[in-house]
Structures are given as C-alpha cells and as structure tokens.
Amino acid sequence: MALFIPTYFSPISQYSEIVKTPEIVFEMEDNFQKQSYRNRCYIFNTNGKQLLNIPVKHPNKAGRKKTKDTLVDNDSLWQDQHFKSLQTAYRNSPFFEFFEDDLAVIFTKKYKFLHDVNLDSFLFIADALQINDEFKQTEEYETTSHVEDFRYLSEVKNQPKKTFANYIQMFDDKHGFLPNLSILDLLFMEGPNTISYL
C-alpha cells in the first residue's frame, strides 16, 4: 500500500512508483500547495520545457484550503489552451495519435473541482499503460507509518535525486534531454514501452 497525492498528469517520478504499487491510496485531506504538481505539469515543446498550469479559484478569506475543495477557474479557457499546446508539441511524436481522442475527453469535460481533473488524468494514464486503475481515498489526513508515503512527489521542489535514463524526446536535438517531465511526454514518445521504462 502506498500513499500519493493525485496530481495533474503527474511527473514520471510519480508513475515510476505507482506502477510498482499493488494498492494505491490517494490523499484527499491535504492542504492545497501553490507551485506544486497538484495543478501543473511540464511538457517539452519547441522552446524547451513548457508549464501547463490549471488556474484555481482562491477563496476570499485567508487560511488553508484543502486540495479536494479547490475549485478550477474555468474563465481562462485553460482546457483549450492545454490541449492545443499538447497537439502542437506532440502531433509528430510516435504515439500521440493513438491517445489523442481519449485525451480530448479530459479537455472537453466541465470540471468544478481540481481533484476531479487529477483523478481523470490518473485514470487516462492507467488505461493507456494498462495498469491497475483502482485506488482508495483517505477520509482523514494520513499520519500513520503503515503505508509507503510518496506524497512528497507532488512537490515541484521536492523531487527525488534519482537519475532517469534518457529516451528520445521531440526536441532533444535542440535542447538536450529533459528529465522527469509529465508522464505524457514519455507516453507519447515510447507508447507501449513506457511500462518497461518505468
């Protein structure tokens, strides 16, 4: 059993642990952290590393807000922008066309809560990789030590010092290899071989 925070098209480091985990538990009672993978991912475009950020609504009152209660700000048309960015970056990749139609569903569905976007992105990847898509959700903040805790992988600045093997990327001839991007980068480049890489 291992504990994760559901994030937006999580980085490769998170999926390298998820695929080894027989039982996934998603932390639903954590506090929202700005500048984390909860509402962002990084892809590789012609200019290098590109941030895709889901805008969220910040409450008027001060204080902490739980991630599960975080609302998506749909006024900015972020879905259209993100999908177009993915198409521009990966339309010539080996496997993008195999996943494009299923991926498009996430960018046309109306979301109210951030965690619903993140859970749908997990289910999309689980289906694409043909891995177990079952998970449990915490009902209170997990503080016990009976589970492996990978919640730190949701923090941009708290990534493991693990070195990732190079794989061919769309623009590596121009920018060199960029490690630990969104799992989408690996999926679109490696397709069925993604599991072996992880």
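Over which ring does the charged end of Lys-49 sit? The first legend answers that, and the others tour the rest of this predicted model.

**View 1. Two lysines sit over aromatic rings.** Start with Lys-49, whose charged end is over the ring of Tyr-42, 4.6 Å from the ring centre. Then look for Lys-65: its charged end sits over the ring of Phe-32, and here the distance to the centre is 5.2 Å.

**View 2. Four strands make an open, parallel sheet.** Read across the sheet and you meet the strands in the order β7-β2-β1-β8. At the edges are β7 (135–137) and β8 (148–149), each of which pairs on one side only. Strand β1, covering residues 2–4, runs parallel to β8, and 2 bridges join them. To find one of these contacts, look for Ala-2, whose bridge partner in β8 is Glu-148. As a general reminder, strands of a sheet pair through backbone hydrogen bonds, either parallel or antiparallel.

**View 3. Glu-23 and Lys-136 form a salt bridge.** The structure holds 10 salt bridges, and in this one the closest N and O atoms are 2.6 Å apart. The pair links distant parts of the chain: Glu-23 belongs to the loop between α1 (12–18) and β2 (24–26), while Lys-136 is in strand β7, 113 residues apart. Are these two buried or exposed? Glu-23 counts as partly exposed because its relative accessibility is 25%. Lys-136, at 47%, also counts as partly exposed.

**View 4. Arg-38 has salt bridges to both Asp-30 and Glu-155.** With Asp-30, the closest N and O atoms are 2.9 Å apart. With Glu-155, the closest N and O atoms are again 2.9 Å apart. Glu-155 comes from the loop between β8 and α5 (172–175) and Arg-38 from the loop between β2 and β3 (40–45), so this bridge ties together parts that are 117 residues apart in sequence. Elsewhere in the view, Glu-27, Asp-149 and Arg-151 are joined into one network by salt bridges that share partners. Why does Arg-38 count as buried? Its relative accessible area is 2%, and the cut-off for buried is under 20%. Asp-30 is buried too, because its relative accessible area is 4%.

**View 5. Phe-9 is among the best-connected residues of the largest nonpolar core.** This core has 56 residues, and those with the most contacts inside it are Phe-9, Leu-86 and Leu-103. Several elements supply at least two residues each, including β1, α1, α2 (78–90), α3 (96–106) and α6 (183–190). Which element gives the most? That's α4, with 8 residues. Zoom in on Phe-9 and you'll see that it touches Leu-103, Ile-106, Phe-107, Phe-124 and Ile-183, among others. On a general note, nonpolar side chains tend to be buried together in soluble globular proteins.

**View 6. Aromatic rings pair up in tilted and edge-to-face arrangements.** There are 19 aromatic pairs in the structure. One of them joins Phe-95 and Phe-98: the ring centres are 5.8 Å apart and the planes are at 40 degrees, so the pair is tilted. Phe-95 counts as partly exposed because its relative accessibility is 21%, whereas Phe-98, at 56%, counts as exposed. Phe-99 and Phe-124 make an edge-to-face pair, 6.4 Å centre to centre with 75 degrees between the planes. That pair links helix α3, home of Phe-99, to helix α4, home of Phe-124, across 25 residues. Phe-99 counts as buried because its relative accessibility is 13%, and Phe-124 counts as buried at 9%. Ring pairs also link residues into a cluster, with Tyr-8, Phe-9, Trp-78, Phe-99 and Phe-124 among its members.

**View 7. Leu-198 is buried in the segment after α7.** Helix α7 spans 194–197, and Leu-198 is in the segment after it. The residue counts as buried because its relative accessibility is 16%. Which residues does Leu-198 contact, leaving aside neighbours within four places in sequence? They are Ile-12, Tyr-15, Ser-16, Val-19, Leu-129, Ile-183 and Leu-186. For a sense of distance, the C-alpha atoms of Leu-198 and Phe-164 are separated by 9.2 Å, and the two residues are 34 residues apart along the chain.

Definitions and conventions
Residues numbered from 1 in each chain as written. Predicted model: local features only at pLDDT ≥ 70, side-chain atom pairs only at ≥ 80, totals over all residues. Heavy atoms only, no water. Buried < 20%, exposed > 50% of the residue type's maximum accessible area, 1.4 Å probe, protein only. Contact = heavy atoms within 4.5 Å. Pairing = 2+ DSSP bridges. Salt bridge = Lys/Arg side-chain N within 4 Å of Asp/Glu carboxyl O. Core = buried A, V, L, I, M, F, W, Y, C linked by side-chain atoms within 4.5 Å. Phe/Tyr/Trp six-rings, centres within 6.5 Å; stacked < 30°, edge-to-face > 60°. Lys NZ or Arg CZ within 6 Å of the ring centre and 35° of its normal.
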